[in-house]
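Me: I would like to go through the interior of this protein. Could we begin with how its nonpolar residues pack?

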Amino acid sequence: MISAVAVIAALFGLLIGSFLNVVIYRIPAGKSIVSPPSACGSCGARIRSYDNIPVLSWLLLRGKCRDCGAAFSVRYPLVELGTGVFFAIVTLWVFPGQVAGDGAALAWTRPLLAQIIVLVAFLYLAAVSVALAMIDIDTHTLPNRILLPAYPVAAVLLTAAALAAGEPGRLLTALIGAAALFGLYLALALISPGGMGLGDVKLAGVLGLYLGWLGWAPLVVGAFGAFLLGGLFGIGLLVTRKAGRRSSIPFGPWMLLGAWLGAFFGERIAAGYLTLFGLI
């Protein structure tokens, strides 16, 4: 049974998803994310507070502006709903006892304070992941306004979590992970400037920090998973002739998906791989 904690996290995620819609639109356009208030892009009418309830308002208004009837993209409620589900999944992963039979839960149990800090850290990463993935799909960019603050925020939260859990050694693997992925992507960007951007390099450092904090298996699986998933997607586009060999494909979403694959399933995938080849 899903606990009240996960439900609360999902509701909070809906609210964050509504804010992320603003971030996804305004940051690439160089606009402020706090002012002016949200308004209809067609008639300019300000969105009323009771018309700004995540998912529900879009459904009640049938996806249209109350004033002019212009259609609002279905992506708005999908981002809100997706963020809510994402937050609930992360919460159940951090607190594995909240759902029965969850074999992909975070494989450690530490003091409650440490788990709460871990939850905050990874919910932050979840929100950043949604925003960056959508922006990269739309504009093929990963904005510094999101990436650069992620470094100090992640560093502070992960340091606090490691100290609260009595595991300061996690900080060393976090730094190694950040340096390793940052260096790998920087090398790829220098070798093939058109294939890997500096935004990908900066994102790699953030993801390496999180994955390294979790351990070696999540780091390796997360790093490899990005190239595997991105490569399979690229091959699929080529086979279906929806892209050519020189087509530009945003890699940020695959980096993020690979990182979460490593976080959620890295230990199990690594153990299965080693068992398959008789290494353990």
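**Core and cavities**

Reply: The largest nonpolar core has 63 residues, among which Val 90, Phe 122 and Trp 260 touch the most other members. A nonpolar core is a set of buried Ala, Val, Leu, Ile, Met, Phe, Trp, Tyr and Cys residues joined through side-chain atoms within 4.5 Å; buried means under 20% relative accessible area (1.4 Å probe, protein chains only). This is a predicted model, in which local features need pLDDT of at least 70 and side-chain atom pairs count only at pLDDT 80 or more, while totals for chains, interfaces and linings use all residues. Residues are numbered from 1 along each chain as its sequence is written, and side-chain values use heavy atoms, without hydrogens and water.

Me: Which element gives the largest share of this core?

Reply: That is H4, with 16 residues. Helix H4 (112-139) is one of the elements that give two or more residues to the core, as is helix H9 (252-276). Helices are DSSP runs of H or I with at least four residues, numbered from the N terminus.

Me: What is Phe 122 in contact with?

Reply: Leaving aside neighbours within four places in sequence, Phe 122 contacts Val 90, Trp 93, Leu 158, Tyr 210, Leu 214 and Trp 260. Contact means heavy atoms within 4.5 Å.

Me: How many cavities of 30 Å³ or more are there?

Reply: There are two. On a 1 Å grid over the protein atoms alone, a cavity is a set of points where a 1.4 Å probe fits but cannot get out, and lining residues have an atom within 4 Å of a point. A volume is the space filled by probe spheres set on the points, which are joined across faces, edges and corners. The largest cavity holds about 60 Å³, and the second largest about 50 Å³.

Me: What lines the second largest?

Reply: Phe 122 and Trp 260 are among its lining residues, including also Tyr 210 and Leu 214. H7 gives the most to this lining, with four residues. By class, the lining has nine nonpolar, no polar and no charged residues; here Ala, Val, Leu, Ile, Met, Phe, Trp, Tyr, Cys and Pro count as nonpolar, Asp, Glu, Lys and Arg as charged, and the others, Gly among them, as polar.

Me: Turning to pockets, what is the volume of the largest pocket?

Reply: Its volume is about 780 Å³. A pocket is an open set of points with protein on both sides within 12 Å along at least five of seven lines. The largest pocket is lined by 39 residues, with Ser 38, Ala 39, Ile 47, Phe 72 and Tyr 76 nearest its centre.

Technical notes
Buried < 20%, exposed > 50% of the residue type's maximum accessible area, 1.4 Å probe, protein only.
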